[in-house]
Each structure stands twice: as C-alpha cells, then as structure tokens.
Amino acid sequence: MPWESPVLNLGSNIFELTASDEYWITDDDGDGWGGFGSSLSLPIEKKEGTLGVGGLMIKVTDPGYYEIILEAPESKTLIVSMHRVYKVDKIDCLGNVVESIYSLTDDDDISLGHSWGEYVLDGDQTCTEDGHKTASCMREGCTATNQVVAEGAALGHAFTNYVYNNDATKLADGTETAICDHGCGTTDTRTAVGTMLPGTVTAVNGVDAEKQHAKKYIENGMLIIEVDGVKYDVTGRVVK
C-alpha cells in the first residue's frame, strides 16, 4: 500500500506501521533532490537514507510506532532518519485515554487519577476544631469525592449576649456572663462595669470607713479600699 509523508514539511512525524506492508516516502514535487535512496528493513534503532527521485521504501517487519525525521542540509539531499518509539497513554480515573505521548523506552502508561474541583466546607468545624472540606472529581461520569482537613476553618468562640449576674456589692462592680454564640456551651464572665451598689462602706476590719473618708480605686487590677493610709481588698484583708 502506498503511503506518502509530507516530505516538504520538514520536521518530526510519528506513524504506526504494521508488519508485512511496504511504505514509500516520496519526493512529491518531483524536483529531483539527490539520488535514489536505499530501502530500510525494520526494526531499526536509527538509520539514515537519502530521498530523491523514486522515493524511499520502508519494509516493515516489526509493527509499532516509528519516528521519521526529515532534514534538508545545504546539499539539498533530503535525509531520512528513523527510530522506534513507544506510545505511552495518559489514562484518567475512568480508564479513558486522555492523551498519548511517545517515548524512546517502553514505559508504563501514566495514570492521571482524579481531577479535583473546588473544595467546599462540610460545615463540621467547631470553635476549636477545623473540620473538613470536600471536592468532587470534575471528570464526566466520575462520582468520586475527596475529603481533607479544612485547616484554619475553626470558628473560635464568640460572646455577644452578656447577662448580669446580680452580684455587685458596695465595694465592687458585679459580673456578667455570656454563652458562646456557636452553641458549644463555653462561657465568658467579665466585670459589669458601673454596677457597684450605692452607699458608703461603714467599716473595714473594724475601722470606721465613713469617718475616715475611705478611698476606693483599682491598683494592679484589684479594687483597693484605703482607710487612714491602710490598704484593704474587698474581703477586708490588708494589702501590702
């Protein structure tokens, strides 16, 4: 059976040749470059022949893929080089051949695996745990999914609705407490500023605070009651 390579389009061409067939590379424009070429018997690692009037015949004895390289040096004699190549398929997760490449070695096919789309949060993150996110394979017909840890997705606690604990005294503000907005049950208690009860402390450790003009202030984060130069905490103990 005749077969014509695009002789005047110089470059590399890979063809699948079957055994017991004869192929011809011909000089299509008939300009008579060079002389008659030699015939090639396969398999061939690399062999060169000249192509001119009458063309170059290839007789296939070993089927497979061959790269035929056509070069035109200054002598205008077209040089034909050939070598055996192996087709390596890139196979997707469904077993479909996505692409074929050619190698000088008989390599195994390449598994492309799944092609994961965008990861979406699964909604299982908590205040202290990251939770997960899941992606689906984008290849048509594949239903596989992939779940991974959603690093950095932990919610953290959020406290908004504080409720007064009704525990203020004449010596100190009371407190207020909130439960985490996310429903984890964690609570946060803070000082309810400005809730100290009105009135005068009449005595601290037996000292008449009213007559001594007791002073109240915060020192090192603690409420201090000072009477006649002596510092007391809210329990009446002397602070040194």
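## A salt bridge between two strands

With a relative accessibility of 40%, R190 counts as partly exposed in this predicted model, whereas E176, at 16% relative accessibility, counts as buried. The burial of E176 follows from its value, because a residue is called buried when its relative accessible area is under 20%. The side chains of E176 and R190 meet in a salt bridge, with a distance of 2.7 Å from N to O. Since E176 belongs to strand β14 (residues 174–179) and R190 to strand β15 (residues 187–192), the pair ties together parts that are 14 residues apart in sequence.

This pair is one of four salt bridges that the structure holds. Two others, K87 with D89 and K90 with E99, are described further below.

## The chain as a whole

How many helices and how many strands does the protein chain have? The chain has zero helices and 20 strands. Of its 240 residues, 30% count as buried, and the accessible surface of the chain comes to about 14,700 Å², with 49% of that surface belonging to carbon and sulfur atoms.

Contacts can also be sorted by how far apart the partners stand in the sequence. Among the contacts in the protein chain between residues at least 6 apart in sequence, 38% join residues at least 24 apart.

## Nonpolar cores

Six residues, namely F15, L17, V60, Y66, I68 and M82, make up the largest nonpolar core. Strands β1 (11–17) and β6 (64–71) each supply at least two residues of this core. A second core, separate from that one, has five residues, among them L223, I225, V227 and Y232.

The residues of such a core are buried by definition, and it is useful to set them beside a group of nonpolar residues at the surface, to which the next part of this report turns.

## A nonpolar patch on the surface

Which residues form a nonpolar patch on the surface? The patch is formed by V98, I110 and L112, which together have about 220 Å² of accessible area. One of these residues, I110, lies in strand β9 (residues 110–113), and with a relative accessible area of 35% it is partly exposed. A value of 35% lies between the cut-offs of 20% and 50%, and that is why I110 is called partly exposed rather than buried or exposed.

## D89 and its surroundings

Is D89 buried or exposed? D89, which lies in strand β7 (residues 78–92), is buried, because its relative accessible area is 13% and the limit for a buried residue is under 20%. When residues up to four places away in sequence are not counted, D89 touches V97, E99, S100, D109 and I110; I110 is also a member of the surface patch described above.

The side chain of D89 takes part in a polar contact with the side chain of S100, at 2.6 Å, and it also meets the side chain of K87 in a salt bridge, at 3.8 Å from N to O. The two residues of this salt bridge fall into separate classes of accessibility, since D89 counts as buried at 13%, while K87 is partly exposed with a relative accessible area of 32%.

A further salt bridge joins K90 to E99, where the closest N and O atoms are 3.4 Å apart. K90 is partly exposed, with a relative accessible area of 23%, and E99 is likewise partly exposed, with a value of 37%.

## S103 at the end of strand β8

S103 lies in strand β8, which covers residues 97–103, and with a relative accessible area of 15% it is buried. A polar atom of the side chain of S103 lies 3.1 Å from the backbone nitrogen of T105. Leaving aside its neighbours within four places in sequence, S103 is in contact with V85, Y86 and V88.

## N166 in a loop

The place of N166 is in the loop between β13 (163–164) and β14, the strand that also contains E176. N166 has a positive phi of about 55°, although it is not a glycine. Its relative accessible area of 65% makes N166 exposed, because that class begins at values over 50%.

Technical notes:
Residues numbered from 1 in each chain as written. Predicted model: local features only at pLDDT ≥ 70, side-chain atom pairs only at ≥ 80, totals over all residues. Heavy atoms only, no water. Helix = DSSP H or I, 4+ residues; strand = E, 2+ residues; numbered from the N terminus. Buried < 20%, exposed > 50% of the residue type's maximum accessible area, 1.4 Å probe, protein only. Polar contact = N/O pair within 3.5 Å; in protein donor to acceptor, adjacent residues only side chain to side chain. Contact = heavy atoms within 4.5 Å. Core = buried A, V, L, I, M, F, W, Y, C linked by side-chain atoms within 4.5 Å. Patch = residues over 30% accessible without salt bridge, like charges linked within 9 Å, V, L, I, M, F, W, Y side chains within 5 Å. Areas by Shrake-Rupley, 256 points an atom, 1.4 Å probe, with all protein chains shown as cover.
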